[in-house]
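Subject: Structure handover

Hello,

Here is the structure for you to load. My notes on it come straight after.

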Amino acid sequence: MLKPSFSDLVKNSPILPVLHMESIEEAVHVSRALYKGGITCAEIVLRSPVALDCIKAVRKQVPEMTVGVGTLTTPKQVIDSVAAGAQFLVSPSLTRTLATAMIKTGLPMLPGTVSPSEITQALELGITEVKFFPAEQYGGIKTIKALASVFSQVKFCPTGGVSLDNLGEYFANDSIFAVGGSWMVPKDLIANKDWDAITLLSEQAIAAIHKLGRCA
Ligand code: 3PG
């Protein structure tokens, strides 16, 4: 396993909220709301022009939150994200070039895989913790179980289509170390600046995972 490991980072709150932020103000409020609800890590995805500025702002204004970057697809994005202060790195994909750049930073990293060949490529690079993305579209827990029976050393963070309704199915399997998703940060709540509702959804998610005995 690479060190620092990704699973260590999220062991107290094994949920990785996927944040698509349109403004710094939004990112700061959402991060505070998630943290208040017990979620201690947040992944800000590089799908908006202000994503790197949001990472910088959250580092400064919400220092209690561990903030990382998501949707990495190029080594340059890795460098820029580290410069902005990202504390962990997530990608929807895995190539040797990209994963090597991610490993080089020394930060916890999580590349995306869905197939045996991609997992084998991860193992060749010493990576044993992967994002399974997009989870539901690629067969969800059924596919993960099949992969885990072959790759018993690999741990998964399914992301895509995970919600309060199905996270129990995922956490019932030992090969799952965390789940990712955006269900606790729905667009309408952000548009209405309903930060308390985001805190409530976060509390519900953490309570459900506690109940399953999967928070450290
Ligand atoms: C993403 O990268 O957008 C994540 O997969 C989030 O998926 P979700 O919105 O289905 O949780």
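The notes below start with the ligand, then go through the backbone and a few lysines and other residues.

This is a predicted model, in which local features need pLDDT of at least 70, side-chain atom pairs count only at pLDDT 80 or more, and totals for chains, interfaces and linings use all residues. Residues are numbered from 1 along each chain as its sequence is written, and side-chain values use heavy atoms, with hydrogens and water left out.

Ligand site

Which residues surround the ligand? They are Val-18, Arg-47, Phe-133, Thr-159, Gly-160, Gly-161, Gly-181 and Ser-182. The cut-off is a heavy atom within 4 Å of the molecule.

Look at the polar contacts next (pairs of N or O atoms within 3.5 Å). An N or O atom in the Arg-47 side chain is 2.5 Å from a ligand oxygen. For the Ser-182 side chain, the distance from an N or O atom to a ligand oxygen is 2.5 Å. Gly-161 uses its backbone: a polar atom there is 2.7 Å from an oxygen of the ligand. On its own the ligand has 310 Å² of accessible area, and the protein covers 76% of that. Areas are Shrake-Rupley values with a 1.4 Å probe.

The ligand takes up the space of the second largest pocket. A pocket is an open set of points on a 1 Å grid over the protein atoms alone, where a 1.4 Å probe fits and protein lies on both sides within 12 Å along at least five of seven lines. A molecule sits in one if more than half of its atoms lie within 2 Å of its grid points.

Strand S7 and the loop after it

Helices and strands are DSSP runs, numbered from the N terminus (helices H or I, at least four residues; strands E, at least two). Lys-131 is in strand S7, residues 129–132. Is Lys-131 buried or exposed? Its relative accessible area is 5%, so it counts as buried. The classes are buried under 20%, exposed over 50% and partly exposed in between (1.4 Å probe, protein chains only). Leaving out residues up to four places away in sequence, Lys-131 touches nine-residue company that includes Glu-43, Cys-157 and Thr-159. Contact means heavy atoms within 4.5 Å.

Pro-134 sits in the loop between S7 and helix H7 (140–150). The peptide bond from Phe-133 to Pro-134 is cis, with omega near -10°.

Other backbone points

The Lys-3 to Pro-4 peptide bond is cis, with omega near -5°. Pro-4 belongs to the segment before helix H1 (6–9).

Thr-71 has a positive phi, near 65°, and is not a glycine. Its loop runs between strand S3 (66–70) and helix H4 (75–84). Thr-71 is buried, because its relative accessibility is 17%.

Lys-193 has a positive phi too, near 50°. It is in the loop between helix H9 (187–191) and helix H10 (195–211). At 48% relative accessibility, Lys-193 is partly exposed.

Two more residues

Lys-11 lies in the loop between H1 and strand S1 (15–19). It is partly exposed, at 42%. Beyond four places in sequence, Lys-11 touches Arg-214, Cys-215 and Ala-216.

Gln-61 is in helix H3 (residues 51–61). It is partly exposed at 42% relative accessibility. Outside its neighbours within four places, Gln-61 contacts Val-28 and Arg-32. The C-alpha atoms of Gln-61 and Arg-32 are 9.1 Å apart, with their positions 29 residues apart along the chain.

Best regards

Key. A polar contact is a pair of N or O atoms within 3.5 Å; within protein, one must be able to donate a hydrogen and the other to accept it, and residues adjacent in sequence count only if both atoms are side-chain atoms. On a 1 Å grid over the protein atoms alone, a cavity is a set of points where a 1.4 Å probe fits but cannot get out, and a pocket is an open set with protein on both sides within 12 Å along at least five of seven lines; lining residues have an atom within 4 Å of a point.
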